[in-house]
Amino acid sequence: MLKVLVLGSAAGGGSPQWNCNSEVSKAVRSRTTGTSPRTQSSIVVTANNDEWFLFNASPDLGSQILNNSQMHPKKGLRHSPISGVVLTNGDVDHVAGLLTLRERQNLSVYAHARVHSVLKENSIFNVLNSDYVDRREMKMNVEFELKNKEGKGSGIFVEAFEVPGKIALWLEDESKGENFGTQEGDTIGLKISSAGKEKSFYYIPACAKMTSELSEKLKDSELVLFDGTLWKNDEMASSKVGEKTGQRMGHMNNSGPDGSIEAFKDLNVKKKIFIHINTTNPILLSDSSERKFVEENNWEVSYDGMEITI
């Protein structure tokens, strides 16, 4: 059995984003019926109700820990049920929370070599004292058990795989052409399983395109938590809050013939949940036609504090 707790369900900046005054953001900010604020994307998973592993460490991690009693210290004067962290990319909304975990706490941090290299090059992450924090490289397409700093197994097994995406915004290099220096490993998805593979699910908070390889991997799965950033590709422009398209940011749109709802239509995934949802996305409004369409197509919209047992 695996337990999943959604700590944060929004994209970078949260919902409502601090400086966004789009119609959706205004509705959430004013606590319109059927809305709720969301912090930046992150989940935690446990196989034993004791030790939890964090998947992506958002800038909101401090408040997320405070708001979820499962994450509170329970043993002695200094303790955390968080045994380690797994990173799916180097985006600010997925790595900045590592700085919250700097207080002399034993942890293991798993990431692709590309992500570890950018963390190593940025000296601010040196606050993660190597006496307490092990940085462990994830090899692609190889299943392994997540272990705490002392090497004790968690009963959670992970297989990481590359998905179409883009280099983190803060690492873009315009001199390297239209892909801004994007390389393999800059965006990954995860298959997360219990011991013996009795239960498993997929966590893919960023994905720019559904490939035939990815669709084959996801077919008939129990649960997929998938990139829900934008309803439509030009949503930022049509909302008059920005210019970048979803594709420019490395995200699929939910709707349309090239969107994720259509891409999942024939995959027979039992439970499909959007996560990493942008502050402009109308699926955040429970009474919107977009939310209705999502639900009619057997998708759910994640929210902070959502609990899933598989």
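**Notebook: loops, a sheet edge, a helix face and salt bridges**

I began with P16, which sits in the loop between β1 (3-8) and α1. The model is a predicted one. I looked up the peptide bond from S15 to P16 and found it cis, with omega near 0°.

From there I went to R29. R29 belongs to helix α1, residues 23-29. Which residues does R29 contact, beyond its neighbours within four places in sequence? I listed P16, Q17, W18, C20 and N21. So the proline of the cis bond is among the contacts of R29. One polar approach stood out for the notes: a polar atom of the R29 side chain lies 2.9 Å from the backbone oxygen of Q17. I also took the C-alpha separation of R29 and S15, which is 8.2 Å. These two residues are 14 places apart along the chain. Is R29 buried or exposed? R29 is partly exposed, at a relative accessible area of 34%.

**Positive phi outside glycine**

I looked up N49 next. N49 is not a glycine, yet its phi is positive, about 65°. N49 lies in the loop between β2 (42-46) and β3 (52-55). Its relative accessibility is 48%, so N49 counts as partly exposed, the limit for exposed being over 50%.

H276 was my second entry under this heading. Phi of H276 is near 65°, again positive in a residue other than glycine. H276 is in the loop between β12 and α9 (289-296). What is the relative accessible area of H276? The value is 3%, so H276 is buried.

**Helix α4**

I turned to helix α4, residues 113-121. Which residues of α4 are buried? They are V115, H116, V118 and L119. They cover an arc of only 165° around the axis, so they lie on the same side of α4. The spacing fits the general rule: an α-helix has 3.6 residues a turn, so residues three or four places apart point the same way. On the other side of α4, I noted K120 and E121 as exposed. I then asked what covers the buried residues of α4. The cover includes α3 (92-95), β5 (107-111) and β6 (133-137).

**Strand β10 and its partners**

Strand β10 spans residues 200-204. Four of its five residues are buried, so β10 is largely enclosed by the rest of the structure. I checked its pairings. Strand β9 (residues 188-194) runs antiparallel to β10, and four bridges join them. S193 stands opposite S200 in this pair. β9 and β10 form a hairpin with five residues between them. In the turn, G196 has a positive phi of about 75°.

Strand β11 (residues 223-227) also pairs with β10, here in the parallel sense, over three bridges. Y202 has V224 in β11 as its bridge partner. How do β10 and β11 relate to α5? Together, β10, α5 and β11 make a right-handed β-α-β unit.

I picked S215 to look into α5, which covers residues 212-218. S215 is buried, with a relative accessible area of 17%. Not counting residues up to four places away in sequence, S215 touches M210 and L267.

**Salt bridges**

How many salt bridges does a search of the whole structure find? The search returns nine. Side chains of opposite charge can pair when their charged atoms come close. I wrote up three pairs.

- D134 and R136 meet through their side chains at 3.2 Å, N to O. D134 is partly exposed at 25% relative accessibility, whereas R136 is buried at 18%.
- K265 pairs with E262, and their closest N and O atoms are 3.8 Å apart. K265 is exposed at 52%, whereas E262 is partly exposed at 38%.
- E300 and K271 meet at 2.6 Å, N to O. The pair links distant parts of the chain, 29 residues apart. E300 is in strand β13 (residues 299-301), and K271 is in strand β12 (residues 271-275). E300 counts as partly exposed at 28%, and K271 counts as partly exposed at 29%.

Methods: Residues are numbered from 1 along each chain as its sequence is written. This is a predicted model: local features need pLDDT of at least 70, side-chain atom pairs count only at pLDDT 80 or more; totals for chains, interfaces and linings use all residues. Side-chain values use heavy atoms; hydrogens and water are left out. Helices (H or I, at least four residues) and strands (E, at least two) are DSSP runs, numbered from the N terminus. Buried means under 20% relative accessible area, exposed over 50%, partly exposed in between (1.4 Å probe, protein chains only). Contact means heavy atoms within 4.5 Å. A polar contact is a pair of N or O atoms within 3.5 Å; within protein, one must be able to donate a hydrogen and the other to accept it, and residues adjacent in sequence count only if both atoms are side-chain atoms. The arc is that of the directions from the helix axis to the C-beta atoms. A salt bridge is a side-chain nitrogen of Lys or Arg within 4 Å of a carboxyl oxygen of Asp or Glu. Two strands pair if DSSP finds at least two bridges between them. A crossover is right-handed if, with the strands pointing away from the viewer, the path from the first strand over the helix to the second runs clockwise.
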